[in-house]
Amino acid sequence: MLETLQSLLSGVGNFSLYFLISLIALVVFKFLYTFMTPYDEWALVKEQNTAAACALGGAIIGFTLAIASAAKHSISLLDFGLWALIALIAQLIAFGIVRLFLPRISERITSNEIASGILLGAVSISIGILNAACMSY
């Protein structure tokens with residue numbers, strides 16, 4: 001019985017490391033993403049700005065999908081860290097691409113135009129899904 005329990009818990013160390021690195025990557029992503037945007041997402045969300053919440057929520061979900069795939073398919077912690085960095089860059093590029101096609105997206109989100117927030121969030125999630133799929137080497 002004790003051997004079975006030990007066998008079942010043998011992966012807890014790796015789980016803990018991958019989970020900790022994932023959380024750190026998520027916090028780093030949040031800070032870089034909010035630094036890159038010309039508006040303060042947290043302040044807007046606190047003011048009940050639904051557009052900002054949709055945009056930021058989509059970005060976080062998109063990034064999380066990508067790092068989840070990186071964790072699942074990586075062969076080491078270093079490999080995982082590298083792919084998490086690639087996922088972060090891809091998500092930041094997604095925001096830049098949306099700004100190219102919709103140059104006033106930031107103003108629209110600040111003005112709580114929900115359609116703009118939903119679109120930006122959807123693009124971020126889509127990039128995250130593509131990012132995750134491409135990491136399934």
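1. In this note, a residue counts as buried if its relative accessible area is under 20%, and two residues are in contact if they have heavy atoms within 4.5 Å of each other. With those terms, the buried residues of helix 2 can be said to pack against helix 3, helix 4, helix 5 and helix 7. The model discussed here is a predicted one.

2. Overall make-up. The chain contains seven helices and zero strands, and its pattern along the sequence reads α-α-α-α-α-α-α. The C-alpha trace spans about 60 × 30 × 20 Å along its principal axes. Of the 137 residues in the chain, 34% are buried. The accessible surface is about 8,100 Å², and carbon and sulfur atoms account for 74% of that surface.

3. Contacts along the sequence. If one takes the contacts between residues at least 6 apart in sequence, 75% of them join residues at least 24 apart. Two examples of residues brought together from distant places in the chain follow in points 8 and 9.

4. Helix 2. This helix covers residues 12-36. Its 25 residues reach 35 Å from the first C-alpha to the last, close to the 36 Å expected at 1.5 Å a residue. The buried residues here are Y18, S22, A25, F29, K30, Y33 and T34. K30 also takes part in a contact between charge and ring: its charged end sits over the ring of F31, 4.2 Å from the ring centre.

5. Helix 4. The helix runs over 50-73, and its 24 residues reach 34 Å between the first and last C-alpha, close to the 34 Å expected at 1.5 Å a residue. Its buried residues are A51, A52, A55, L56, G58, A59, G62, F63, A66, I67, S69 and A70. They pack against helix 2, helix 3 (41-46), helix 5, helix 6 and helix 7.

6. Helix 5. Residues 77-101 form this helix. It has 25 residues and reaches 36 Å from its first C-alpha to its last, close to the 36 Å expected at 1.5 Å a residue. D79, F80, A84, A87, L88, Q91, L92, A94, F95 and V98 are buried in it. Helix 2, helix 4, helix 6 and helix 7 (114-134) are among the elements that cover these residues.

7. The largest nonpolar core. This core has 26 residues, and those touching the most other members are F29, Y33, Y39, F63, I109 and L120. At least two residues come from each of helix 2, helix 4, helix 5 and helix 6 (105-110). Helix 4 gives the most, with nine residues.

8. Y33 and the aromatic residues. The structure has five aromatic pairs. One of them joins Y33 and F95 edge-to-face, at 5.7 Å centre to centre and with 70 degrees between the planes. Since Y33 belongs to helix 2 and F95 to helix 5, the pair ties together parts that are 62 residues apart in sequence. Y33 is buried, with a relative accessible area of 0%, and F95 is buried as well, at 1%. Both residues belong to one aromatic cluster, which is formed by F29, Y33, F63 and F95. Beyond its neighbours within four places in sequence, Y33 is in contact with E41, A55, L56, A59, L92, F95 and L120.

9. L65 and its partners. L65 is placed in helix 4. Is this residue buried or partly exposed? L65 has a relative accessible area of 34%, and therefore counts as partly exposed. Its C-alpha atom is separated by 5.6 Å from that of G128, although the two residues are 63 apart along the chain. Setting aside neighbours within four places in sequence, L65 is in contact with I125, G128, I129 and A132.

10. S69 and its partners. S69 also has its place in helix 4. What does S69 touch, not counting residues up to four places away in sequence? The residues are A132, M135 and S136. S69 has a relative accessible area of 9%, so it is buried. A132 is thus a contact of L65 and is touched by S69.

Conventions: Residues are numbered from 1 along each chain as its sequence is written. This is a predicted model: local features need pLDDT of at least 70, side-chain atom pairs count only at pLDDT 80 or more; totals for chains, interfaces and linings use all residues. Side-chain values use heavy atoms; hydrogens and water are left out. A nonpolar core is a set of buried Ala, Val, Leu, Ile, Met, Phe, Trp, Tyr and Cys residues joined through side-chain atoms within 4.5 Å. Buried means under 20% relative accessible area, exposed over 50%, partly exposed in between (1.4 Å probe, protein chains only). Helices (H or I, at least four residues) and strands (E, at least two) are DSSP runs, numbered from the N terminus. Rings of Phe, Tyr and Trp (its six-membered ring) pair if their centres lie within 6.5 Å; planes under 30 degrees apart count as stacked, over 60 as edge-to-face and the rest as tilted. A charge sits over a ring if NZ of Lys or CZ of Arg is within 6 Å of the ring centre and within 35 degrees of the ring normal. The expected span of a helix is 1.5 Å times one less than its number of residues. Accessible areas come from the Shrake-Rupley method with a 1.4 Å probe; for residues, only the protein chains shown count as cover.
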